[in-house]
Protein chains: 2
Amino acid sequence: MHQPDEELVSILHKKGLKVTPQRLAIFRYLANNESHPSAEKVYSDIKGELPTISQGTVYKTLSTLADIGVITELKINNGQSRYDSNTSVHVNVICPRCNNITDYQSETIIKFWKKLSKEIGGKISGQRFDVYKECSTCEK
Amino acid sequence: MHQPDEELVSILHKKGLKVTPQRLAIFRYLANNESHPSAEKVYSDIKGELPTISQGTVYKTLSTLADIGVITELKINNGQSRYDSNTSVHVNVICPRCNNITDYQSETIIKFWKKLSKEIGGKISGQRFDVYKECSTCEK
DNA sequence: TGCTAATTGAGAATCATTATTATTTAATAC
DNA sequence: GTATTAAATAATAATGATTCTCAATTAGCA
Ligand SMILES: [Mn+2]
Ligand SMILES: [Mn+2]
Ligand SMILES: [Zn+2]
Ligand SMILES: [Zn+2]
C-alpha cells in the first residue's frame, strides 16, 4: 500500500485543480475501502472527519475524482452509483439481491483484456466487467 | 431471424403472465432494434403501433421482460436505462460522448466467459461487459 | 358469455442527482 | 504575513428518470 495523497495531489496540480480537505478525505476514504460505497455511504462516513461537508460536495467531489480518472463510477441496477478506487482491469462481482460488490482479479482477465482491446482497436477509454452472483450472506 | 413472438408467448405462459399487445409489441420492437433504446425511445416509437400506451406501461413492461430474462436492462452513465434484446454473452461498445451502443461479439469473448465463470464458480446469474470507445460519428 | 385477477393508463410521488448562489478558501503575488 | 481572486464549498432548490397508486380495462378461463 502506498500513500494515496501524493498521487492525487500530483494529478490535481497537473489539472490545475485545488487540493482541498474534502478531495483528500474522500479519495483517502475510497482508497481504503473495498466495498464500492454509494455517495450516501461516503457522505455519512466522511462526516466523522469533516462534520460540515454537504451532500452536494460529496457528489461533486466524486464526480471530479472520476473525471480525473482516480476512481470509477458504476451505475448499478438499483439506480444508485457506486464508486470504485480500483482502477485496474478487473471484474466486479455484484450480488443481485443486496448489491454487495467485490472485486475479482485474475490473469485470465488481464489476458482477455489485452486480446479484446486489440481486437476492438481504436481509442478505448475504459471498460467495465460485471458478473452477477449471490453473495455468501444472501445465498443462505 | 426467427419469430420472436413464439418464444415470448411460451415464456409468459410458463410464468403465468398474460400475453398482452403491449408486451408483444415492445418485445418485437426490441428484437428488431440493435440500438439499445431507452425507455423514452421505446415509448415514442411504440406509439405508432399502440397510440394509447402510457409511459408507465412501457417502464413496467420493460421491467417484466427483464425479469423473465428475454431482455437486459443496462443502466448507463447518463442516468438512463437502455434495453438490450441480445441476451448472448457479448460486449457493449459504448460511446462516452453520445451514449451510442453497439454489440461486439467474438470467439475471444465466448472463451473468456467459459473460463471466467468456471474460475469464479457458484451460481452466476448474469454478466455485463462494457467497453468505452468513441463512435465513428463522435470521433470526427 | 360472464367472472376475476392481472394489466393498463393517467397522473402523482419518489429520490438520487444536479443546479444555483452566496460564502468560504486555496493558491498566487506582493 | 496580507491582499487578491478564481475555484470550491455548503445550503438549498430544482430536475428528471423511474416508481407508485388506483380506477378502468382486458386476457384467460369456466
Ligand atoms: Mn471494483
Ligand atoms: Mn448489447
Ligand atoms: Zn447479497
Ligand atoms: Zn458517439
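**Exercise 1. Work out which part of DNA strand C the protein meets, and through which residues.**

Step 1. Start with the DNA side: of the strand C atoms within 4 Å of the protein, 79% are sugar or phosphate atoms, and bases supply the rest. Keep in mind that you're looking at a predicted model.

Step 2. Now the protein side. Strand C is surrounded by 17 residues, and the closest are Tyr59(A), Ser81(A), Thr20(B), Arg23(B) and Thr57(B).

Step 3. Sort those surrounding residues by character: 8 are polar, 5 nonpolar and 4 charged.

Step 4. Zoom in on individual atom pairs. Thr57(B) puts a polar side-chain atom 2.9 Å from a phosphate oxygen of DNA strand C. Lys18(B) has a polar backbone atom 3.3 Å from a phosphate oxygen of the strand. For Gln22(B), an N or O atom of the side chain sits 3.1 Å from a sugar or linking oxygen of DNA strand C.

Step 5. Place this on the fold: helix 2 (21-31) and helix 4 (55-67) of chain B are the elements that give two or more residues to the surface near DNA strand C.

**Exercise 2. Find the protein donors of the manganese ion (ligand 1), then say how buried Asn92(A) and Asp103(A) are.**

Step 1. List the donors: His36(A) and His90(A) each use NE2, Asp84(A) and Asp103(A) use OD, and Asn92(A) uses OD1. They lie 1.9 to 2.2 Å from the ion.

Step 2. Read the spacing along the sequence, which runs H-x47-D-x5-H-x1-N-x10-D. Asn92(A) belongs to strand 3 (residues 91-94) and Asp103(A) to strand 4 (residues 101-104) of chain A, so this pair, 11 residues apart, links distant parts of the chain.

Step 3. Check accessibility. The cut-off for buried is under 20% relative accessible area. Asn92(A) is at 3%, so it counts as buried. Asp103(A) comes in at 29% and therefore counts as partly exposed.

Step 4. Turn to chain B. The manganese ion (ligand 2) is coordinated by His36(B), Asp84(B), His90(B), Asn92(B) and Asp103(B), at 1.9 to 2.2 Å. The spacing of its donors reads H-x47-D-x5-H-x1-N-x10-D. Both His90(B) and Asn92(B) are buried.

**Exercise 3. Describe the contact between chain A and chain B, and pick out a polar contact that joins side chains across it.**

Step 1. Count residues: chain A brings 32 and chain B brings 32.

Step 2. Look at the area. About 2,600 Å² is buried between the two chains, with carbon and sulfur atoms giving 60% of it. On the chain A side, Lys75(A), Phe112(A) and Arg128(A) lose the most area to chain B, together 21% of what that side buries.

Step 3. Pick the polar contact: the side chains of Ser106(A) and Glu119(B) are joined at 2.9 Å. Ser106(A) is in the loop between strand 4 and helix 5 (107-120) of chain A. With 16% relative accessibility, Ser106(A) counts as buried.

**Exercise 4. Is Pro21(A) buried or exposed, and where is it?**

Step 1. Locate the residue: Pro21(A) is in helix 2 (residues 21-31) of chain A.

Step 2. Apply the cut-off, where exposed means over 50%. Pro21(A) has a relative accessible area of 51%, so it is exposed.

Step 3. Add a distance: 12 Å separates the C-alpha atoms of Pro21(A) and Lys47(A), which are 26 residues apart along the chain.

Terms used
Residues are numbered from 1 along each chain as its sequence is written. Chains are lettered from A and ligands numbered from 1 in the order in which they are written. This is a predicted model: local features need pLDDT of at least 70, side-chain atom pairs count only at pLDDT 80 or more; totals for chains, interfaces and linings use all residues. Side-chain values use heavy atoms; hydrogens and water are left out. Donors are N, O and S atoms within 2.8 Å of the metal (3.2 Å for Na, K and Ca); water is not among the atoms, so sites may look incomplete. Helices (H or I, at least four residues) and strands (E, at least two) are DSSP runs, numbered from the N terminus. Buried means under 20% relative accessible area, exposed over 50%, partly exposed in between (1.4 Å probe, protein chains only). A residue is near a molecule or strand if one of its heavy atoms lies within 4 Å of it. A polar contact is a pair of N or O atoms within 3.5 Å; within protein, one must be able to donate a hydrogen and the other to accept it, and residues adjacent in sequence count only if both atoms are side-chain atoms. Ala, Val, Leu, Ile, Met, Phe, Trp, Tyr, Cys and Pro count as nonpolar, Asp, Glu, Lys and Arg as charged, and the others, Gly among them, as polar. Contact means heavy atoms within 4.5 Å. Buried area is the accessible area (1.4 Å probe) that two parts lose on being put together, summed over both.
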